[in-house]
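Q: I have a chain open on my screen and I'd like to go through it with you. Can we take it piece by piece?

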Amino acid sequence: MFGQVVISHAAGISPALAKRPNVVLAVLVARHGNLVSDDELIDALWPSDPPASAKAALQGYVMDVRDALEPDRRKGDNGQYVLREAIGYRLLVDAGQLDLAEFGRLARTPLLRPESVLKKMIELSGASVFQEFPDAAWAASTRAWVAAERVECLAELFELELSTRDGASILPAVRSAAAEFPFDERLAGLLILALYRNGRQQEALQAFSTLRDRLRAELGVSPNPQLEALHLDVLNHAAELLPQRSGLGLAPTNASRVVGPGLLGRQVDIAAITDSLLTFRSVTVVGPGGVGKSSVLREVIEAVQEKFKQHSWLDVSTIAADDLGDAVAESLGVDRYRLVQLGTVVADLIGDNPTLVILDTCEVASGAALRDLVGQLLEAPGVHVLLASRRPVGYTNERQYRLEPLELDDAVALLSRASLRQDGAAVADLRELAERLDRLPLALDMASRQLPAVGAKAVLADLDSWIAGLADGAVLADGPERHRSVQALVEWSLDLVGPAESALLARIAAMSGSVAMDALLELPPLDLVPVERVRDVVGALVDASLIMRVDDTPSFKLLDTVASVVLGRHGDEVQAQREVLANYVTRTAWADYTGSGRSTVDTWLRSQLAGSIEHLALTPDMRGVMLSTAAARMWLDRGVIHQGIRVLERALRDTSNISDPLASIAWAILGFNRLYQGDMRGSLESYLMSAKTAHTVPAPATVELVGSTIAWLECDFERSWKIASSGVEAMTVNSRRSPSNLIGFAKSAVYAGDLAGATDCYERAGRLARELDDPIAEANALRLAAVIRSLEGDHDVAWRWAHQSLVLHDPARSPLGSAQASSSMALIAMLSGDQASAETWSRIAVERARRQFDVQTVNVTIPVIAALDVQKNRPERASVLYGWLDNFIDQQQHVRHPTAQALHSDVDAALAEQNRSSVRSWSAQGAALTVTEMLQLAAQ
């Protein structure tokens, strides 16, 4: 099917088919193995105006196809390839007999595809797929898929070549590929690199300029940051652009590569840590503060990046002990189902695929919590763990690597980079300074910043006075007494800044993780730092090495070694700023939740939620309940359900004298979160608590929303919809929660069988969401309206709406919504008879559900998968999946999802035809599966 359609077999090559039989064959091939309805084939043959005799003509075209595939077939015999079924035709051929199927098989090859596979795929896709049908709508998705795979293969092949060579042999091919895909930035970057390595700097720069102008003129965007950085490297003749040759008789580039502060002389350490990590799967890098542990870890990651395609870096100092597991799970793209161990979830997700978890600053964590976390992670065979700590962590079979201070020559070399003098006297001063600073990279780096201005002698003089004045200073717990010099240098740096810098430093120390510049400008101004001075003061702190920029972004982070000194010196100010921050985050998050105001620093605000909640939990009051409620709703939209449930349960348990309206809202949000995780009994308990004071909530229709949800949880769907109907009428004002409330009301209508009532709610919810600029609510309304349309038989509109919902969810970073949209697309495809699309989207939905368990996704996707199993004559798996589903529903005392009722009926009817004892046995196996085991089975 690449190029022109050609049929070859033992008897030779069949004559070319006429135009319309050729269309029939192409459509059957595009959907090979799946049923293609008569209507779909007729639409492909006559896109606008089919004749009255279309069905009869179609039968004739099918006979022509059969004759071409099996020229020796007896007259009147249907043959073995094109089978007639109830409403259409199915092409049954081995995958190896179709070039398109072979291409798909190769595309599913695991990561790190060998060169032979890449070349085979590039060869196959060299000719346009279905080139005889350039304008056919039915071929568009296949062509887009093949084009995307071709780009990926070309890029992978070129990267293999450029990883060790200058790329001269492939330069014409790279140039051709970049011309074939003129907007692909990855190919453009490879072309720029190949040109530069072959002495064509001006051509490389011109290639970048051409792409930049094209992107701006035609797409209105700029090149991505990686391409911008490559452009600068080409301008500056960066050494990193040279190929990293090894095993070719040349010196490895790592040995001569320019490294940052603290990495001079660390090659032996990096190699030893790398070897230990790959051999034993875990290693703890131990050393005093300032010795350069984090910097060495980054180099280790660089050394093993080919081994680990996924890695996660967490700064343990910014995470509460109870949240360590959640933070690791989130960083790996999974959400912990509350009854499943983290190690089990991670193992299910990654299998044996090597994954690296880096835990930095471990000395501040609770020993027991950290040991338990590492133990759970190492239960997953593919996980390797790299830790940095001032002291051993103490997990089972811990492998330690102690990072020692630099050798004297390396320490002097680090200092000499910043020294303007290179004579003998200056070198002697630098050697003395390096010794006095115990050759610790952080201290050396701090001192080096003073050298250009005052010279080594002046730095030594100031250092002497500060160390002498620190006789009673604190000694680092994991180092000898002389390591107080690091403490002295930090104190020295703090004294070099003024009151304004100290005030802003205390504010930054109160925050979790990195701090966005926009957030510093948004927070209530400090007395000593008005808004117009914030940027200047931040610049002074960066220059003083007290904070550092994060990855060349307008965000900053307090140096780890500096943080403890700041807390010791400015502890009261830091605590006061934590209170200011908690008040600001609570006020802003609550305004965002209620719709009375929207945050201008939404991403940063979400990063502060957990830390502010922990601060407020120390002295529980209504602010903690308000923030936990708002946070739980935000986290729900983004799939972090477990964390929202935990903080809300704690806030409601520990806080007394909660106002009635707030208590009702908090209990309702807790119930909503519990419902999404499938805990319907817990959800009912929460909503019953909410109902006690729902009448005090000023928002319209709150009583009806809570009451209808309670009736729904009790499976009294008629009463639920009756209450919801009155709630819909009561909603006269559009508020931030209106679209979600209407979607909740519509759920009652669906279960009560009133599809028209549900449609009205969904359409109104979508309209209000657009007015409020709430893409997640709009996407949810559109997705659910699409399912109703499909149930009513309008599959084309349903598919279009569902796909639009997915497009809205993904930019909004809503993994939960994306999973639900994928399950809806699978359901709609199955209801319309499109088994190939149903299989594709159900697989995507299951993969997303494995990262974030969501009862709605599962309740819709399992019937689709089971129905596919039944059609493929796999009753055992269908019965096992339904055994789990029915047991789960029975435990929660609820009912099957009504939108999948047609699929339920098909599966039940098919299983009724099987041996009863076998079905009972299979169902019992399913009922015994855990959530993780069920999802693993469904993904197969």
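Q: Is Cys-362 buried or exposed?

A: Cys-362 is buried, at a relative accessible area of 4%. Keep in mind that this is a predicted model.

Q: And what about Cys-715, buried or partly exposed?

A: Cys-715 is partly exposed, because its relative accessible area is 26% and buried means under 20%.

Q: While we're on cysteines, how many disulfides are there?

A: Zero, after a search of the whole structure.

Q: Ok, overall picture. How many helices and strands are in the chain?

A: The chain has 44 helices and 13 strands.

Q: What share of the residues counts as buried?

A: 53% of the 940 residues. The area that the chain exposes is about 41400 Å², with 51% of it supplied by carbon and sulfur atoms.

Q: What about contacts across the sequence, how many join residues at least 24 apart?

A: 68%, counted among contacts between residues at least 6 apart in sequence.

Q: Now the inside. Which residues touch the most other members of the largest nonpolar core?

A: Leu-504 and Trp-604, in a core of 71 residues. Helix α28, residues 622-637, gives the most to this core, with nine residues.

Q: What does Leu-504 touch?

A: Setting aside residues up to four places away in sequence, Leu-504 touches Leu-520, Leu-526, Val-529, Val-534, Val-537, Val-538 and Leu-541. Another core, of 61 residues, lies apart from the largest one, and its members include Leu-713 and Tyr-882.

Q: Back to α28. Where does Thr-629 lie, and why does it count as buried?

A: Thr-629 lies in helix α28. Thr-629 counts as buried because its relative accessibility is 0%, and the cut-off for buried is under 20%.

Q: What is Thr-629 in contact with?

A: Not counting neighbours within four places in sequence, Thr-629 is in contact with Trp-590, Leu-648, Ile-665, Ala-666 and Ile-669.

Q: Last topic, helix α42. How many residues does it have?

A: Twelve, residues 901-912. From first C-alpha to last, α42 reaches 16 Å, close to the 16 Å expected at 1.5 Å a residue.

Q: Which residues of α42 are buried?

A: Leu-903, His-904, Val-907, Ala-910 and Leu-911. These buried residues cover an arc of only 135° around the axis, so they sit on the same side of α42.

Q: Why would residues a few places apart point the same way?

A: An α-helix has 3.6 residues a turn, so residues three or four places apart point the same way.

Q: And what covers the buried residues of α42?

A: The cover includes α38 (815-831), α40 (855-871), α41 (875-891) and α43 (916-927).

Terms used
Residues are numbered from 1 along each chain as its sequence is written. This is a predicted model: local features need pLDDT of at least 70, side-chain atom pairs count only at pLDDT 80 or more; totals for chains, interfaces and linings use all residues. Side-chain values use heavy atoms; hydrogens and water are left out. Helices (H or I, at least four residues) and strands (E, at least two) are DSSP runs, numbered from the N terminus. The expected span of a helix is 1.5 Å times one less than its number of residues. Buried means under 20% relative accessible area, exposed over 50%, partly exposed in between (1.4 Å probe, protein chains only). The arc is that of the directions from the helix axis to the C-beta atoms. Contact means heavy atoms within 4.5 Å. A disulfide is a pair of cysteine sulfur atoms within 2.5 Å. Accessible areas come from the Shrake-Rupley method with a 1.4 Å probe; for residues, only the protein chains shown count as cover. A nonpolar core is a set of buried Ala, Val, Leu, Ile, Met, Phe, Trp, Tyr and Cys residues joined through side-chain atoms within 4.5 Å.
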